[in-house]
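Please open the model in a viewer and keep the sequence beside it. The tour below proceeds by selections, each followed by a description of what is found there.

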Amino acid sequence: MPSLVAEIRAGLRTIFKSERGEPVLFPGSGTGAWEASIVNTLNPGERVLSFENGHFARLYAEAARKLGMGVDEVKLRWGDAVTESDVEANLGPDHRAVLIIHNETSTGVTTDVGAVRRAIDRTGFDPLLLVDVVSALGSIDFRMDEWRVDVALTGTQKGLMLPPGGAVLCVGPRALDAAETNRTPRYFYDWRPVIRDMQQGFFPYTPPTLLLFGLREAIRMLLEEGLDNVFARHARLAQATREAVRAWGLKMLAGDVARASNSLTAVVVDAIDSGAVVKVAADRLNLALGVGLGQLRGRVFRIGHLGSLNELEVLATLAGTELALRYAGQPIELGVGVAAAERFLAACE
Ligand code: PLP
């Protein structure tokens with residue numbers, strides 16, 4: 001166990017791009033990681049700033065509120081990224097933390113966390129920066145130390161390519177300090193005993209051992225390919241997907257194409273119910289697309305393109321998606337999406 005945990009800790013540090021951060025693993029999921037990030041760093045009643053630009057941003061803020069924090073939630077269009085001016089216009093001296101979703105999985109939009117950090121610095125205030133990297137880590141470049149992120153959190157089931165069941169965090173020095181003095185009641189999600197034991201190669205609870213072996217392998221896969229190559233592959237497969245969407249004559253939800261996510265694409269359909277596309281794709285083709293979440297229900301479906309994935313798998317997914325669109329009654333010409341994606345991929349080095 002100690003050598004397994006040591007390799008995982010070192011590997012996670014490389015993937016989070018953090019030399020000083022402490023990796024933490026709880027049995028749980030991204031939602032549990034949200035809770036851990038809040039109860040360890042904030043005192044009851046402290047104010048946090050969040051930006052509602054999608055379903056998961058809304059839920060992270062809700063978690064903070066239900067755990068007793070005061071949440072100032074800035075409403076944005078679902079489909080927009082959080083911008084520097086959003087941060088500068090809304091951050092105040094009372095905010096003890098800023099909550100950011102690096103990649104909003106409900107809308108397929110990536111926020112530039114480095115720009116958020118620069119905007120925070122310009123205000124002169126010094127809140128903790130808590131970043132959800134659930135659908136970014138291992139797929140989209142994330143730099144914990146460079147961007148001075150205090151807590152970054154994810155689950156095992158996305159870019160780490162594992163089954164669900166693990167909440168994974170990386171905790172920076174300021175958040176470690178905050179946890180020492182903070183008064184919010186916590187037991188299971190108290191990260192202090194976990195960090196202490198993980199440093200010795202153990203856990204204070206029964207660990208999900210199969211996930212640990214899987215995590216070691218996932219880390220090896222990512223590092224063997226090289227993080228830059230992993231990010232470039234995601235960018236390429238995402239662009240191929242976007243070319244297909246354009247060829248279908250459909251729109252992406254992402255307001256600014258430069259902020260469109262490299263881990264998934266959210267597609268808007270007006271003429272038909274997006275849920276019908278997802279259902280027919282599952283029922284007739286055994287293809288898993290994502291439904292529209294929250295206010296996007298019925299209007300948006302999502303194509304995932306993250307993790308261990310290659311050109312052929314994306315082309316097959318696009319072929320299945322255009323067939324499902326046709327089955328669901330969307331008037332599109334079959335084959336145009338796949339052809340556009342292929343043309344783009346053929347032109348890549
Ligand atoms: N944050 C983001 C960005 C997500 O995409 C998800 C789930 O998809 C969560 C948090 C919640 O994670 P979980 O479903 O693992 O609890």
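Begin by selecting Phe 203, which counts as buried at 11% relative accessibility; buried means under 20% relative accessible area, exposed over 50% and partly exposed in between, with a 1.4 Å probe and protein chains only. This is a predicted model, in which local features need pLDDT of at least 70 and side-chain atom pairs count only at pLDDT 80 or more, while totals for chains, interfaces and linings use all residues. Residues are numbered from 1 along each chain as its sequence is written, and side-chain values use heavy atoms, with hydrogens and water left out.

**The aromatic cluster**

Add Tyr 205 to the selection; Tyr 205 is buried as well, with a relative accessible area of 16%. Phe 203 and Tyr 205 form a tilted aromatic pair, 5.5 Å centre to centre with 40° between the planes. Rings of Phe, Tyr and Trp (its six-membered ring) pair if their centres lie within 6.5 Å; planes under 30 degrees apart count as stacked, over 60 as edge-to-face and the rest as tilted.

Next, extend the selection to Phe 26, Phe 188 and Tyr 189, which ring pairs link with Phe 203 and Tyr 205 into a cluster. A search of the whole structure finds eight aromatic pairs. One of them is formed by Phe 26 and Tyr 189: the pair is edge-to-face, at 5.0 Å centre to centre and 80° between the planes. Phe 26 belongs to strand 1 (residues 22-27) and Tyr 189 to the loop between helix 6 (173-181) and helix 7 (191-200), so this pair ties together parts that are 163 residues apart in sequence. Helices (H or I, at least four residues) and strands (E, at least two) are DSSP runs, numbered from the N terminus.

Phe 26 is buried, with a relative accessible area of 0%, and Tyr 189 counts as buried at 14%. Display the surroundings of Phe 26: among the residues that it touches, not counting those up to four places away in sequence, are Ala 36, Leu 169, Trp 191 and Val 194. Contact here means heavy atoms within 4.5 Å.

**The cores and the domains**

Which residues have the most contacts inside the largest nonpolar core? They are Phe 26, Phe 142, Leu 169 and Trp 191, in a core of 81 residues. A nonpolar core is a set of buried Ala, Val, Leu, Ile, Met, Phe, Trp, Tyr and Cys residues joined through side-chain atoms within 4.5 Å. The 81-residue core draws at least three residues from each of domain 1 (2-225) and domain 2 (227-347). Apart from it lies another core, of 28 residues, including Val 278 and Leu 318.

Now colour the two domains, whose bounds come from an automatic or database domain assignment. The C-alpha centres of domain 1 and domain 2 lie 28 Å apart. Their contact takes 33 residues from domain 1 and 24 residues from domain 2.

**Further selections**

Select Gln 330, in the loop between helix 11 (311-327) and helix 12 (336-347). Gln 330 is buried, with a relative accessible area of 9%.

Finally, show strands 10, 11 and 12, which form an open sheet in the order 10-11-12 with antiparallel pairing. Two strands pair if DSSP finds at least two bridges between them. Strand 10 (251-252) and strand 12 (300-304) are the edge strands, each pairing on one side only. Lys 251 has Val 268 in strand 11 as its bridge partner.
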